[in-house]
Amino acid sequence: MDSGKNIKKSGGSSCAVNGCCNNRRKLNLWKESMCKIHGQFHEDCACLIPYKFHLMPSDGQIRAEWTKAINRKTLPKTVFVCSEHFLDGLPTERNPFPKLKMGYERKVTPGRRKIHKHDSDVKKRKLIDCDDDNSDFEELDLSLEVTDQSLPEAVCSFNVVNPTSSCASTQYEETDFVLHNDHSYAHAWTDLQDKFAQTNLTLTEEKGVQIKLDVGTMSATRHILTDSDSLLYTGVTKEVFFTLVECMSQFNTFSFQLDIADQIMLVLMRLKLNLIFQDLGRRFGISDSLACKMFNSWIPLLADKLKALIIWLPRETLRDCCPESFRENYPRTTCIIDCAETFIQRPTNLKSRGETYSNYKSHNTAKYMVGISPHGQIMFISKAFGGRASDKFIVEKSGFLDYLLPGDEIMADRGFTIEDLLFPRRVKLNIPSFTKGKPQLSAEDVTSTRRIARVRIHVERAIRRLKVFKILSGTVPVSSLKLFDDILIVCSALVNLKYDLIRDTCTEEDTE
């Protein structure tokens, strides 16, 4: 009996890390349990073992590093640490010490925030590149002729006028009614546009029909001149837009009268700005029915060609691109999932109305699941379900589970109670702790919840990027729901063509 007690106190049957509950008894119970996949005991099946125990080395220097990492006042006689605390799953030359889930927090003292105070008058004066060093800044007169070279492109001009140009009776400044190039997207008013403004919407006296002129209609070559213009109208940069036009030109089988660049620009403007077809028709000088036909024809083709940009990345790529915020506590995270909803018009069919009504939004919605990698790339976008569907139902029916492999880790919100779906696949679920049946969360649960929330927020940022396309943040008509799955694919692919959502990635070369 004495020898048995000594063995139990020595720590050889459990992990020595503070707060870790892994021990050999649980491991033996798992081996004696039946595998639901292979139909035999876990000890004889091909399933991966949940964890292994590694003995502390006898070398003095390495043993000291282990003791420092475990950070306990007293250590058992025989020290074992399970594989869950190692970055590589076991001690290696690159990561020989345990670093994950060590049961204590590292104190980080944040620096003081610097408060910058700028005088508005001084800031305005610095923006003006004045050639005369002896000019009087107290009586600055900008009513003189100033060329575009003397001012930066995106700097607003201060409308200070000569006092002699004002009218004595009204005291109104003449320059208050003059068009100024306040921004980079403001173009000078030409005589041709002046003529168009006067004649484009005139009515003929005999027929009472509006005269439509081709002058002033939108065109990709005239209106997409900078990245700001392209982001405003299409949601992507200028280079990405014209590359997309070049790639899609070889698949163009339509016989529309517009140039292919203008056709794709019309489709992306519909997605980005959620403009109605009557507005798009007037902008491009075509009928609203042709604009609708053009959009409905291009969306399935774009979805078919751009779905290759939404791919499930392999583990090696995820490890190499893993940000620092995930490396410390969740280095094995494969995907972060969350659901988003888009308002739709209320269907007239009572059954469809009930299936699409969301109690969370108090509106009829289309619900879909978004899965991103740790560095922010959209790896999975599900089909649209009715707003009544639960998160667990969407996970089960969307085909998301088919991408998971044994040993993966998924991060989600509290609503994803999918442990029973992931356990047979040997996949771990990281979700915030519940207070059900507890007066309050323990200190360990609070720490775990904060760590998960700090990194899970990135999926919310990805959904916000997705809803930059106003068609997903507005109300979708019932007539457009048949194309909604293709719209989700196109918008997700365009989001992946933007810059990285998280930029603090660390490569192997940096760590070495």
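**Entry 1: Thr 217 and its surroundings**

I began at Thr 217 and, leaving aside its neighbours within four places in sequence, I found it in contact with Arg 222, His 223, Arg 283, Phe 284 and Gly 285. I am working here with a predicted model, and I keep that in mind for everything that follows. Thr 217 sits in the loop between α5 (191–199) and α6 (220–223). Is Thr 217 buried or exposed? Its relative accessible area comes to 15%, and because the cut-off for buried is under 20%, I noted Thr 217 as buried.

**Entry 2: From Arg 283 to its salt bridge**

Arg 283, one of the residues that Thr 217 touches, led me to a salt bridge, in which its side chain meets that of Asp 279 with N to O at 3.0 Å. I then checked where the two partners stand, and both belong to helix α10 (residues 277–284), four residues apart, so that about one helical turn separates Asp 279 from Arg 283. For accessibility I wrote down 27% for Asp 279, which is partly exposed, and 28% for Arg 283, which is also counted as partly exposed.

**Entry 3: Other salt bridges**

How many salt bridges does the count come to? I have eight in my notes, and I followed up some of them.

Arg 315 and Asp 408 pair through their side chains, again with 3.0 Å from N to O. Arg 315 is in helix α12 (residues 315–320), whereas Asp 408 is in the loop between α15 (391–397) and β8 (409–411), so this salt bridge ties together parts of the chain that lie 93 residues apart in sequence. The two ends sit in unlike surroundings as far as accessibility goes: Arg 315 is partly exposed at a relative accessible area of 37%, while Asp 408 is buried at 3%.

For Lys 392 and Asp 420 I also have a salt bridge, the closest N and O atoms being 3.0 Å apart. This pair, too, links distant parts of the chain, with Lys 392 in helix α15 and Asp 420 in helix α16 (residues 419–422), 28 residues apart. Lys 392 counts as partly exposed at 27% relative accessibility, and Asp 420 is partly exposed with 46%. I also noted that Asp 304, Lys 305 and Lys 307 are joined into one network by salt bridges that share partners.

**Entry 4: Helices α8 and α9**

Next I turned to a helix pair, bearing in mind that two packed helices are described by the angle between their axes and the distance between the axes. For helix α8 (residues 238–248) and helix α9 (residues 260–273), the axes come within 10 Å and cross at roughly 120°. That angle makes α8 oblique to α9, and I recorded the crossing as right-handed. Which residues meet between the two helices? From α8 I listed Phe 241, Leu 244, Val 245 and Met 248, and these meet Ile 260, Ala 261, Ile 264, Met 265 and Leu 268 in α9.

**Entry 5: Positive phi outside glycine**

I looked for backbone exceptions, since most residues other than glycine have a negative phi. Asn 71 is not a glycine, yet its phi is positive at about 60°. Asn 71 lies in the loop between α3 (60–70) and β2 (80–82), and with a relative accessible area of 49% it is partly exposed. Ser 362, which is not a glycine either, has a positive phi of about 55°, and I found Ser 362 in the loop between β4 (357–358) and β5 (363–372).

**Entry 6: The chain as a whole, and where I hold back**

I counted 20 helices and ten strands in the chain. Of its 512 residues, 36% count as buried. Taking the contacts between residues at least 6 apart in sequence, I find that 59% join residues at least 24 apart.

The pLDDT averages 78 over the chain, and 74% of the residues score at least 70. Over residues 1–11 the pLDDT is below 50, and beyond near neighbours in sequence that stretch has seven contacts in the model. Residues 192–215 likewise stay under 50, and for them the model has 17 contacts beyond four places in sequence.

Key. Residues numbered from 1 in each chain as written. Predicted model: local features only at pLDDT ≥ 70, side-chain atom pairs only at ≥ 80, totals over all residues. Heavy atoms only, no water. Salt bridge = Lys/Arg side-chain N within 4 Å of Asp/Glu carboxyl O. Buried < 20%, exposed > 50% of the residue type's maximum accessible area, 1.4 Å probe, protein only. pLDDT = per-residue confidence, 0-100. Contact = heavy atoms within 4.5 Å. Axes fitted to C-alpha atoms, helices over the stretch in contact; angles between N-to-C directions. Parallel < 35°, antiparallel > 145°, perpendicular 65-115°, else oblique. Left-handed = near helix turned anticlockwise from the far one by under 90°.
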